[in-house]
Amino acid sequence: KFGKCDGRLEIGIRLIWDEKSKMVKLRVPTVFGEMKAKGEVSYGEQELRMDGRENVTQRYIILSDGGDALSVINSGTYGSSIDGNALRVSLLRSPGYTAHPIGDRKVMPQDRHSAYVEQGERLYSFTLLFGGADEIAERTPRAADAVNEAPMTLSFFPSGAGELPSGCAKLEGSEKIRLSALKKAEDGRGYIARLFNPSCGEEKVTFVFGSTAAALTLGKYEILSLRIYNGSVVKCDLCENDLK
C-alpha cells in the first residue's frame with residue numbers, strides 16, 4: 001500500500017513455509033552509498049553492526065546517509081542484518097526441535113516425519129517511511145506507536161444521550177515526545193504517566209490531563225514519570241515514589 005501524501009509504504013507478507021533448516025529474510029535495498037543504521041532499544045536507540053552479523057532491535061530501524069533516510073517499522077519482527085547497502089529483516093528459520101548440530105552427525109531422523117520449528121503459515125506487516133534524515137528521526141517513533149498499538153474496535157450501539165467525557169491525556173508542543181504509559185497509581189493516589197524523549201536533543205512539551213496541564217522539558221533520551229493527583233502534576237521515579 002502506497003500512502004497518498006505522507007511518503008509511506010506498507011508491506012503485507014503471507015508466507016507458507018515447509019522448508020527445513022532454512023532461514024528467510026526480507027531484503028530492503030537502498031541507494032545510499034555511505035550509510036549508518038540505528039535501531040530502537042528499550043527507551044533509546046543504538047548503532048547497528050554493518051558487517052552482516054545479526055542485530056536485535058525493537059520496533060524500528062532507521063537507515064540514513066546523513067541527508068536522506070529510510071525507516072522500517074515492524075509489528076513483532078526483531079532480528080535483522082545489514083549487507084552492503086541493504087537491510088535484511090529476519091522473518092523465520094526452521095530448525096529441528098532440540099537438534100543442536102554435533103559435527104557431521106545426523107541429529108534428525110531421516111526415515112520418518114519430524115516436526116520443525118516455524119513451519120506453516122506466517123503473516124508479517126511492515127511500514128516504510130521515506131524522507132530527510134531529520135524528518136524520519138522525528139516521525140518514526142510516533143509512527144511505530146501507531147503501528148504497534150492499533151485502536152481496539154468494539155461493537156456497541158450508543159443512544160447518543162449523555163455528554164462526552166472531558167478527561168483525556170494529550171501532549172502539545174512536540175511531535176517527538178511519546179506517552180509510553182498511562183495507568184492508575186499502584187497506591188491509588190491518582191494516575192501515573194510516563195513520558196519518553198526518543199531524540200538526541202532537548203524537547204519541550206505540555207502534558208494535558210483533563211483540566212490539569214504541566215509544561216515540561218525533557219533531555220535527550222530522558223524518561224520522565226509523573227503523578228496526576230488532586231489537580232496537580234508532580235514528578236516521581238519509576239517505582240512511583242514522589243520526588244522532592
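The legends below describe close-up views of a predicted model.

**View 1. The six-stranded sheet and its edges.** In this predicted model, six strands form an open sheet in the order 1-10-7-6-3-4, and their pairing is antiparallel. Strand 1, residues 8–17, and strand 4, residues 44–47, are the edge strands, each of them pairing on one side only. From one strand to the next, the twist averages 25°.

**View 2. The hairpin of strand 3 and strand 4.** Strand 3, which covers residues 36–41, pairs with strand 4 in the antiparallel sense, and four bridges join the two. Within this pairing, glycine 39 stands opposite glutamine 46 of strand 4, while valine 41 has glycine 44, also in strand 4, as its bridge partner. Two residues lie between the strands of this hairpin, and tyrosine 43 takes a positive phi near 55° there.

**View 3. Serine 71 in strand 7.** Serine 71 belongs to strand 7, which spans residues 68–74, and with a relative accessible area of 0% this serine is buried. Although serine 71 and glycine 131 are 60 residues apart along the chain, their C-alpha atoms are separated by 9.1 Å. Glycine 131 falls within the residue range of strand 10, 120–132, and strand 10 stands beside strand 7 in the sheet order 1-10-7-6-3-4.

**View 4. The largest cavity.** One cavity of 30 Å³ or more is counted in the model, and the largest cavity holds about 60 Å³ of space. Its lining is made up of Thr57, Tyr60, Ile61, Val72, Asn74, Thr77, Tyr78, Gly79, Ser80, Val89 and Phe126. At least two of the lining residues come from each of strand 6 (60–64), strand 7 and strand 8 (79–83). By class, six residues of this lining are nonpolar and five are polar, with no charged residue among them.

**View 5. The largest pocket.** The largest pocket contains about 260 Å³ of space. The residues that line this pocket are Lys20, Ser21, Gly96, Ala99, Pro101, Arg105, Lys106, Val107, Met108, Gln110 and Tyr116. Five of the lining residues are nonpolar, three are polar and three are charged.

**View 6. Two loop residues with positive phi.** Threonine 98, which is not a glycine, has a positive phi of about 45°, and it is placed in the loop between strand 9 (86–93) and strand 10 (120–132). The relative accessibility of threonine 98 is 86%, so this residue counts as exposed. Tyrosine 221, likewise a residue other than glycine, has a positive phi near 55° and is found in the loop that runs between strand 15 (212–218) and strand 16 (223–229). With a relative accessible area of 30%, tyrosine 221 is partly exposed.

**View 7. Cysteines without a disulfide.** The structure holds zero disulfides. Cysteine 236 is in no disulfide, and the nearest cysteine sulfur, which belongs to cysteine 239, is 9.7 Å away; because a disulfide requires a pair of cysteine sulfur atoms within 2.5 Å, this separation lies outside the cut-off. Cysteine 236 has a relative accessibility of 4% and therefore counts as buried, whereas cysteine 5, with a relative accessible area of 75%, is exposed.

Key. Residues numbered from 1 in each chain as written. Predicted model: local features only at pLDDT ≥ 70, side-chain atom pairs only at ≥ 80, totals over all residues. Heavy atoms only, no water. Buried < 20%, exposed > 50% of the residue type's maximum accessible area, 1.4 Å probe, protein only. 1 Å grid on protein atoms, 1.4 Å probe; cavity = no way out; pocket = protein on both sides within 12 Å on 5 of 7 lines; lining within 4 Å. Points joined across faces, edges and corners; volume = space filled by probe spheres on them. Nonpolar A, V, L, I, M, F, W, Y, C, P; charged D, E, K, R; others polar. Pairing = 2+ DSSP bridges. Axes fitted to C-alpha atoms, helices over the stretch in contact; angles between N-to-C directions.
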